[in-house]
Amino acid sequence: MSARFPDFRLGKVLATSFTGTLSERRGDAVERIPTPNRLVDWLAVSGLAVESCTTDQLERAKELREAIHAAATAAARRDPLPASAVQIINDYSAQGRAAAALTPEGIRQWRLGSASSVEDALGVIAADAISVIAGERDGKLALCASPTCQAAFFDTSQSRTRRWCDMNTCGNRQKKARFNAHKHENPGAAK
C-alpha cells in the first residue's frame, strides 16, 4: 500500500470499519479511500478482494458508506433510522453475490466468486451492516467520544462502555489533550 495515503483503521466489524474509511468527520476529514485503487486495497485487507474498481464504483461505495454511517449513528443514538439510508443499504445488500464460508477454525468469512466485482463486495458490507444495526450481534453500536470524530463503532467490550472508535488514535488524542490541559493548569505537577 502506498505511503502517501493514511493508514486504514481496521476493526473487527466490517461495516463500521468501512465507515471508518472517512474519519474525523467533524474536524479535518481524512478520506482513506480517495481513489478506486485504494478501495481495492481496503477490500483486499478486509477479505473481499476484487481485481479492479472504477470511479463510478468508488462513488457507489462512498454512497453505501455514508448510508451505513447515517443508519449506525441513528441506531447508536436510538433515533429512527433514516429511510433513505435504509433503502440504500437494502439495495446494496440485494445486489451482491457472495457466499458465507466456514473456516476450519469455526469462523465465518465471505467468499466472493472468481469474477466478483466491487458490487459483490459492497453487498457483503451492506449485509454486515444490516446484521449490526438490526441488533443480531452481541455488542452495541456507540459513537466515538472524540468531538472531531463521532464515528459509529460496535462495542463488544464486556461492560459495553467503550468510548473511542480507536484507542490508538481518538483515545490517545483525548488523553493527551487532558494531560496537556492538566499540565498547563498545574505547571509544577508534571515534574
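This report walks through a helix pair and an aromatic pair in a predicted model.

## How helix 3 and helix 4 pack

Let's start with two helices that touch. Two packed helices are described by the angle between their axes and the distance between the axes. Here, helix 3 covers residues 55-77 and helix 4 covers residues 83-95; their axes lie 8 Å apart, at an angle of about 130°. Helix 3 and helix 4 are therefore oblique to each other, and their crossing is left-handed.

## Who meets whom

If you would like to find this contact in the viewer, look on the helix 3 side for Arg 60, Glu 63, Leu 64, Ala 67, Ile 68, Ala 70 and Ala 71. On the helix 4 side, the residues they meet are Ala 85, Ile 88, Ile 89 and Tyr 92. Sorted by character, the residues of this contact between helix 3 and helix 4 comprise nine nonpolar and two charged, with no polar ones.

## The aromatic pair

Now to the rings: searching the whole structure turns up one aromatic pair. Its members are Phe 18 and Trp 42, whose ring centres are 5.1 Å apart. Their planes stand at 50°, which falls between the 30 and 60 degree limits for stacked and edge-to-face, so the pair counts as tilted.

Phe 18 sits in helix 1 (residues 14-19) and Trp 42 in helix 2 (residues 36-45), so the pair links parts of the chain that are distant, 24 residues apart. Are these two residues buried or exposed? Phe 18 is buried, at a relative accessible area of 0%, and Trp 42 also counts as buried, at 0% relative accessibility.

Notes:
Residues are numbered from 1 along each chain as its sequence is written. This is a predicted model: local features need pLDDT of at least 70, side-chain atom pairs count only at pLDDT 80 or more; totals for chains, interfaces and linings use all residues. Side-chain values use heavy atoms; hydrogens and water are left out. Axes are lines fitted to C-alpha atoms, for helices over the stretch in contact, and angles run from 0 to 180 degrees between N-to-C directions. Helices (H or I, at least four residues) and strands (E, at least two) are DSSP runs, numbered from the N terminus. Angles under 35 degrees count as roughly parallel, over 145 as roughly antiparallel, 65 to 115 as roughly perpendicular and the rest as oblique. A crossing is left-handed if the near helix is turned anticlockwise from the far one by less than a right angle, and right-handed if clockwise. Contact means heavy atoms within 4.5 Å. Ala, Val, Leu, Ile, Met, Phe, Trp, Tyr, Cys and Pro count as nonpolar, Asp, Glu, Lys and Arg as charged, and the others, Gly among them, as polar. Rings of Phe, Tyr and Trp (its six-membered ring) pair if their centres lie within 6.5 Å; planes under 30 degrees apart count as stacked, over 60 as edge-to-face and the rest as tilted. Buried means under 20% relative accessible area, exposed over 50%, partly exposed in between (1.4 Å probe, protein chains only).
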